[in-house]
Each structure stands twice: as structure tokens, then as C-alpha cells.
Amino acid sequence: MKIGDVVADFELPDQHGTPRKLSGLAAGGPLVIFFYPLAGSGGCTREACHFRDLEREFSAVGASVVGISTDPVERQLAFATENHFGYPLLSDVRGQVTEQFGVRRHLLARTLPTRRATFIVDPALVVRFQKSSETNMDVHADGALAALRTLG
């Protein structure tokens, strides 16, 4: 996915097993989607907690946040509960959404954890921002927030 692309609507279960559609999540304003490799790992915890810590700022610019990984629902729930996340974590166990966004890793015949990437999708499901960094955990939330302020 790149800026200007339209995302095909999808539905994934959140950490409670409740089905969540992209169109529903983005209906109220811009949606920040961050993909992370492994719930509970050091880097992913730091990244997700940074999004949590900036939730008020995201809300102030009319945006909401959702995290996606290929972890199962149970692992997402443990991750969200342990870190007190107020936003949904979606479980893409089959990797269809990570594939659609171009963040699914492949090595020969094996599928590896998701690449770390962040997107902003508007209510029309158009990508307005994209950022990828495997090593700078703060750049995802900081970059998305700066972009939202610029996009107005």
C-alpha cells in the first residue's frame, strides 16, 4: 500500500474475538493502523505503549488507533490487558490483511512475523500516510500524529 491507494474493506477479530470491519473503524475520522511483528515482544511493547501514551493527542485531531499482527486473539488479549491499551488489537492469523498492505514477510516457503509499518486511512479508506521502520519504535506514532496535524 502506498499513499493514494484505496484499501479493500476487511474484517478481523479484535482481542476479545469481536469482528471489526475497517470501514466501521474508519467511519468516524482518520484511522491510524500500525502493524507489529509479535505481541508482547520488547520492541512491539514499546511501540504499542507509545501509541497508548499519545491516545489523547490522536483523539484531539479526530483520529483513532488500531494495531494489527498475526498473533492469535488470546495473545492479543493478554498483550492489551497487560499494557492497558484503550484501542483495539486485531488478529490477522491468516495474514490476509498484512499481505494486502504489503507488510507480510516471506522467506522461501515460510511466513515470518509482520513488518513494522504504520498507515493512516481516511473514512473513504484511502491511504493518506505510510511509515516503515524496524528499529525506531517511536517514529510510528510520532510520524502519524505529525501527519494528522498536517492533513488537518
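Throughout these exercises, two parts of the chain are in contact when heavy atoms of one lie within 4.5 Å of heavy atoms of the other. The structure is a predicted model, in which local features need pLDDT of at least 70 and side-chain atom pairs count only at pLDDT 80 or more, while totals for chains, interfaces and linings use all residues. Residues are numbered from 1 along each chain as its sequence is written, and side-chain values use heavy atoms, with hydrogens and water left out.

**Exercise 1: the sheet**

State in what order the five strands of the open sheet stand, and which strands are at its edges.

*Solution.* Begin with the terms: helices (H or I, at least four residues) and strands (E, at least two) are DSSP runs, numbered from the N terminus, and two strands pair if DSSP finds at least two bridges between them. With these rules, the order across the open sheet is S5-S4-S3-S8-S9, and the pairing is mixed. Strand S5 (89–91) and strand S9 (127–132) each have a single partner strand, so one side of each is left without a neighbour in the sheet, and these two stand at the edges. From one strand to the next, the twist averages 20 degrees.

**Exercise 2: the pairs of strands**

For the pairs S3 to S4, S4 and S5, S3 to S8, and S8 to S9, find which are parallel and which antiparallel.

*Solution.* Recall that strands of a sheet pair through backbone hydrogen bonds, either parallel or antiparallel. Then take the pairs one by one.

- S4 and S5 are paired in the parallel sense over three bridges, and isoleucine 68 stands opposite leucine 90 in S5.
- S3 and S4 run parallel and are joined by five bridges; here isoleucine 33 stands opposite valine 66 in S4, and leucine 31 stands opposite serine 64 in S4.
- S3 and S8 run antiparallel, again with five bridges, and the bridge partner of leucine 31 in S8 is valine 121.
- Strand S8 (residues 117–121) and S9 run antiparallel, joined by five bridges, and the bridge partner of valine 121 in S9 is valine 127.

**Exercise 3: helices on the sheet**

Determine which strands helix H4 and helix H6 touch where they pack on the sheet.

*Solution.* The angles used here run from 0 to 180 degrees between N-to-C directions, and the axes are lines fitted to C-alpha atoms, for helices over the stretch in contact. Helix H4 (residues 73–83) touches strand S4 (64–69) and S5, and its direction makes about 165 degrees with that of S5. Helix H6 (residues 139–151) touches strand S3 (31–35), S8 and S9, and its direction makes about 155 degrees with that of S9. A further step concerns the path of the chain: S4, H4 and S5 make a right-handed β-α-β unit, where right-handed means that, with the strands pointing away from the viewer, the path from the first strand over the helix to the second runs clockwise.

**Exercise 4: what is covered**

Decide whether the residues of S3 are buried or exposed, and find what the buried residues of H2 pack against.

*Solution.* A residue is buried under 20% relative accessible area, exposed over 50%, and partly exposed in between (1.4 Å probe, protein chains only). Five of the five residues of S3 are buried, so S3 is largely enclosed by the rest of the structure. Leu31, Ile33 and Phe35 lie on one side and Val32 and Phe34 on the other, so that both faces are covered. S4 is mostly covered too, with five of its six residues buried. For H2, the buried residues include Cys44, Cys49 and Phe51, and its buried residues pack against S3, helix H3 (55–60), S4, H4, S8 and H6.

**Exercise 5: the cysteines**

Explain why cysteine 44 forms no bond with cysteine 49.

*Solution.* A disulfide is counted when two cysteine sulfur atoms lie within 2.5 Å. The closest cysteine sulfur to that of cysteine 44 is in cysteine 49, 11 Å away, which is too far for a bond. By this rule the count is zero disulfides. Cysteine 44 is buried, at 0% relative accessibility, and cysteine 49 is buried with a relative accessible area of 12%.

**Exercise 6: two loop residues**

Find where histidine 84 and leucine 125 lie.

*Solution.* Histidine 84 lies in the loop between H4 and S5, has a positive phi of about 55 degrees although it is not a glycine, and is exposed, with a relative accessible area of 63%. Leucine 125 lies in the loop between S8 and S9, has a positive phi of about 65 degrees although it is not a glycine, and is buried, with a relative accessible area of 10%. For background, most residues other than glycine have a negative phi.
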